[in-house]
Each structure stands twice: as structure tokens, then as C-alpha cells.
Amino acid sequence: MAFTRATGKHRAPSRLTRRSANLAGVAALATTGVIGTLASPALAADTEAPSVEDTGLTQIVSMGSLADEIAAQAAAQEREAEQAAAKARAQAKAEAEAKAEARRKAEARAKEAREAKERAAREAERKRLNSFRLPIAGSYVTTGYKTGGALWSSGSHSGVDFRAASGSSVVSVGAGTVVEAGWGGAYGNNVVIRMNDGTYTQYGHLSSISVSVGQQVAPGRQIGLSGSTGNSTGPHLHFEARTTAEYGSDIDPVAYLRSHGVNV
């Protein structure tokens, strides 16, 4: 029995024709970003699925993965940059704090040094003001305290005499305030000083006076020049120590000077 091939409108599409149509559909879906197939079950069963290489999806997937990788690298680089910046800020802060601490310590040391220097200066000044010395440098006593004789109206010497050539510098034995400066009768030109410890010292027979009443004097301050004015037999310095400014309150001037550290 002979068979004839079907022709006309009832002819079934060839396998090649169906493959071409399916590829065209996949390409269209790939172009619009749709992944998959909308073919009916009957059509899907009747057609052969194209390979990924045939549709061009490999290129799309590869491009997406590259973009993700670039984004990840950019994010990682940004994090690294932020970490580096934070580390730099922390280091700069630590350096600034270290410099501030160094400055603070240096300032504290400088302040301590200044205060120590000021304390030393105050102590030196205190010692200087509290120090005592001979009324004439390098001199010595020629007539002692309470020496008797007709030369003194009281019958005895109320002070001591220091050897001094006329015009020798006479200085205050300590710090005090001048309470008398001028003519003192038998004492001639004389100066009386109220010392800072409350005692009084007197300097007689001066040829000249270089201080005035009310003036404050420091130890070693020149108050006049030695001479032989008043009741005197020759150039010398009459020196007295007293408990008051008045005559008759005298005390032993040598003991007085020695009690203040003066070698007499």
C-alpha cells in the first residue's frame, strides 16, 4: 500500500522551523530581561530547548557578576580609606595630646624653677636684712664698754670706740629706720637707728651724715663718715647699743653684736 506525503495547510512544521522560532523567542526574552519561557506545555514538549550559548545569556550573567565585583571592590576600598582616615585622626590626636602633656610638664618645671628661685631670693634677702656687721669694716675696739674715767660725764663709757681714720665709711650694723640724724651734744654729729628687732644703735663723732630721719637703711648702708666732732680726743667712732632711743638705756655693744653673729 502506497503512502503519500501530506501537503497544504495541514502540513506540520519541520523540526528546523520549530527550532528557529524558539531561538527567536528566547532572544526576544533575553532582550527584555525576562529569563525563562512562556511557551505552552504542549509547545515546550514539542520543541527542543536551546542551549545557553545559543541565547546569549552567558554574556548578560558575566556582565552582572563583573558589576557586583567592581561594587564590592569599591566598597572595600572605601572601608579601607575610612579606616586609614580614622587611624590618622587617632594618631594625630595622640600626638597632639603628647605635645600638650609635654608643654604642661615643661611649664610646670619652669614654674617650679621660678618659684624656687623666688624663694631663694626671698630667703637671701631675709638673711641679708637680718644680718649684722661691724660699723666700720675691718676695725676693732680701742676703748671698751663701761671703761671708767673723767672723759665721760657719767663716769664710765656708755659704748665702745672703734678705731677709724677721719673720713672712714660708717655703716648701719643692721636693718632699721633712722630716728635721729644731726648734732647730739657731746656725741657731736650722730645718728640713732631703731633696728628691726626693736633695739637701737648710735653712731657718734661723725664728720658728716648721709641719712635723714625716717629713712630706712639696710645692713651695710653708709650713714656717714667718721670724725672727731663733739666731746672727742681724736678721730674714732663711738658706737652704742640701747634698749630705747634715750641716753642711759645702753647695753653692752660687743655682746650685742656678737649675739647677731658679728665677730668682734
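Mentor: Two strands pair if DSSP finds at least two bridges between them. Keep that in mind as we walk through this predicted model.

Trainee: Happy to! Which strand do three bridges join to β8, with residues 200–209?

Mentor: The pairing rule asks for at least two bridges. Three bridges link β8 to the strand of residues 200–209, and the two run antiparallel. Within this pairing, S208 stands opposite L225 in β8. The strand you want is β6.

Trainee: And which residue in β8 does V170 stand opposite?

Mentor: Start with the strands: β3 covers residues 169–171 and β8 covers residues 222–226. They run antiparallel, joined by three bridges. Facing V170 in β8 is G224.

Trainee: Now to N189: is this residue buried or exposed?

Mentor: N189 belongs to strand β5, residues 189–195. Away from its neighbours within four places in sequence, N189 has contacts that include W183, Y203, H205 and T229. Buried means under 20% relative accessible area. The value for N189 is 18%, so N189 is buried.

Trainee: What share of the 264 residues do buried residues make up?

Mentor: The same cut-off, under 20% relative accessible area, applies here. Counted over the 264 residues of the protein, the buried share is 26%.

Trainee: Lastly, what share of the contacts with a separation of 6 or more comes from residues 24 or more positions apart?

Mentor: The protein has five helices and 10 strands. Take its contacts with a separation of 6 or more, and pick out those between residues 24 or more positions apart. Their share is 58%.

Key: Residues are numbered from 1 along each chain as its sequence is written. This is a predicted model: local features need pLDDT of at least 70, side-chain atom pairs count only at pLDDT 80 or more; totals for chains, interfaces and linings use all residues. Side-chain values use heavy atoms; hydrogens and water are left out. Helices (H or I, at least four residues) and strands (E, at least two) are DSSP runs, numbered from the N terminus. Buried means under 20% relative accessible area, exposed over 50%, partly exposed in between (1.4 Å probe, protein chains only). Contact means heavy atoms within 4.5 Å.
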